[in-house]
Amino acid sequence: IRKAFDKDGILPSEVLWRTKEALSDGVSSLEEPWHAILGRYVDTIISDDEYEKACIKYAETGNKNVPIHKEAYYYRTLYEKHFGDLDLIPYYWMPMWSEAKDPSARTIGKYKQLID
């Protein structure tokens, strides 16, 4: 697709050929990544105590999707607010080639090598 736009000069070369960004990472700067901004926001609305109690609740009910951090718990609360307490997703998906726990692409090793 990039080659199709390369000949006409529609996009500047530095834009056309820059490293692909994950959407959440592409909307912020390296100095203040989007996941850090969201993390700070979530910290203002979810206390450590609330998060810890929620993790215990999910673990005790046998749910395999215990939130891995407050941001994940926040998204879970939004989902449950609109769709109820349904356990439809059997596991938290991440690529098999990655041991990353955070969904931000900046924490995935192969991507991190490109920006370091």
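The exercises below, each with a worked solution, concern helix H6 and its surroundings in a predicted model.

**Exercise 1. Compare the length of helix H6 with the span expected for it, and state what follows the helix.**

Step 1. Helix H6 covers residues 70-83, which is 14 residues, and at 1.5 Å a residue these should span 20 Å.
Step 2. The C-alpha atoms at the two ends of H6 are 20 Å apart, which agrees with that expectation.
Step 3. After H6 comes glycine 84, which has a positive phi, near 85°.

**Exercise 2. Determine which residues of H6 are buried and which helices they pack against.**

Step 1. The cut-off needed here is a relative accessible area under 20% for a buried residue.
Step 2. The buried residues of H6 are Lys70, Glu71, Ala72, Tyr73, Tyr74, Arg76 and Glu80.
Step 3. These buried residues have as their packing partners helix H4 (34-45) and helix H5 (48-60).
Step 4. Two residues of H6, Tyr73 and Tyr74, also belong to the largest nonpolar core, whose eight residues include Val42, Ile46 and Tyr51 as well.
Step 5. H5 and H6 are the elements that give two or more residues to this core, and H5 provides the largest share, four residues.
Step 6. Valine 42, a member of the core, touches Lys70, Glu71 and Tyr74 when residues up to four places away in sequence are not counted.

**Exercise 3. Explain why lysine 70 counts as buried, and describe its contacts and its salt bridge.**

Step 1. Lysine 70 lies in helix H6, and it counts as buried because its relative accessibility is 11%.
Step 2. Leaving aside residues up to four places away in sequence, lysine 70 touches Val42, Asp43, Ile46, Ser47, Asp48 and Tyr51.
Step 3. One of these contacts, aspartate 43, forms a salt bridge with lysine 70, with the closest N and O atoms 3.1 Å apart.
Step 4. Since lysine 70 lies in helix H6 and aspartate 43 in helix H4, the pair ties together parts that are 27 residues apart in sequence.
Step 5. Aspartate 43, at a relative accessible area of 47%, is partly exposed.

**Exercise 4. Characterise the salt bridge between glutamate 80 and arginine 76, and then the wider set of salt bridges.**

Step 1. The closest N and O atoms of glutamate 80 and arginine 76 are 3.3 Å apart.
Step 2. Because the two residues are four apart in helix H6, about one helical turn separates glutamate 80 from arginine 76.
Step 3. Glutamate 80 is buried at a relative accessible area of 16%, and arginine 76 likewise counts as buried at 16%.
Step 4. Asp43, Asp48 and Lys70 are joined into one network by salt bridges that share partners.
Step 5. The structure holds five salt bridges, including one between arginine 40 and glutamate 32, where the closest N and O atoms are 2.2 Å apart.
Step 6. Arginine 76 also lies over the face of tyrosine 58, at 3.9 Å from the ring centre.

**Exercise 5. Classify the aromatic pairs that involve tyrosine 74 and tyrosine 79.**

Step 1. The whole structure has four aromatic pairs.
Step 2. Tyrosine 74 and tyrosine 75 form a tilted pair, 5.9 Å centre to centre and with 50° between the planes.
Step 3. The ring centres of tyrosine 79 and phenylalanine 83 are 5.0 Å apart and their planes meet at 40°, so this pair is tilted.
Step 4. Tyrosine 79 is partly exposed, at 28%, whereas phenylalanine 83 counts as exposed, at 53%.
Step 5. Tyr41, Tyr74 and Tyr75 are linked into a cluster by ring pairs.

Technical notes. Residues numbered from 1 in each chain as written. Predicted model: local features only at pLDDT ≥ 70, side-chain atom pairs only at ≥ 80, totals over all residues. Heavy atoms only, no water. Expected span 1.5 Å × (residues − 1). Buried < 20%, exposed > 50% of the residue type's maximum accessible area, 1.4 Å probe, protein only. Contact = heavy atoms within 4.5 Å. Phe/Tyr/Trp six-rings, centres within 6.5 Å; stacked < 30°, edge-to-face > 60°. Lys NZ or Arg CZ within 6 Å of the ring centre and 35° of its normal. Core = buried A, V, L, I, M, F, W, Y, C linked by side-chain atoms within 4.5 Å. Salt bridge = Lys/Arg side-chain N within 4 Å of Asp/Glu carboxyl O.
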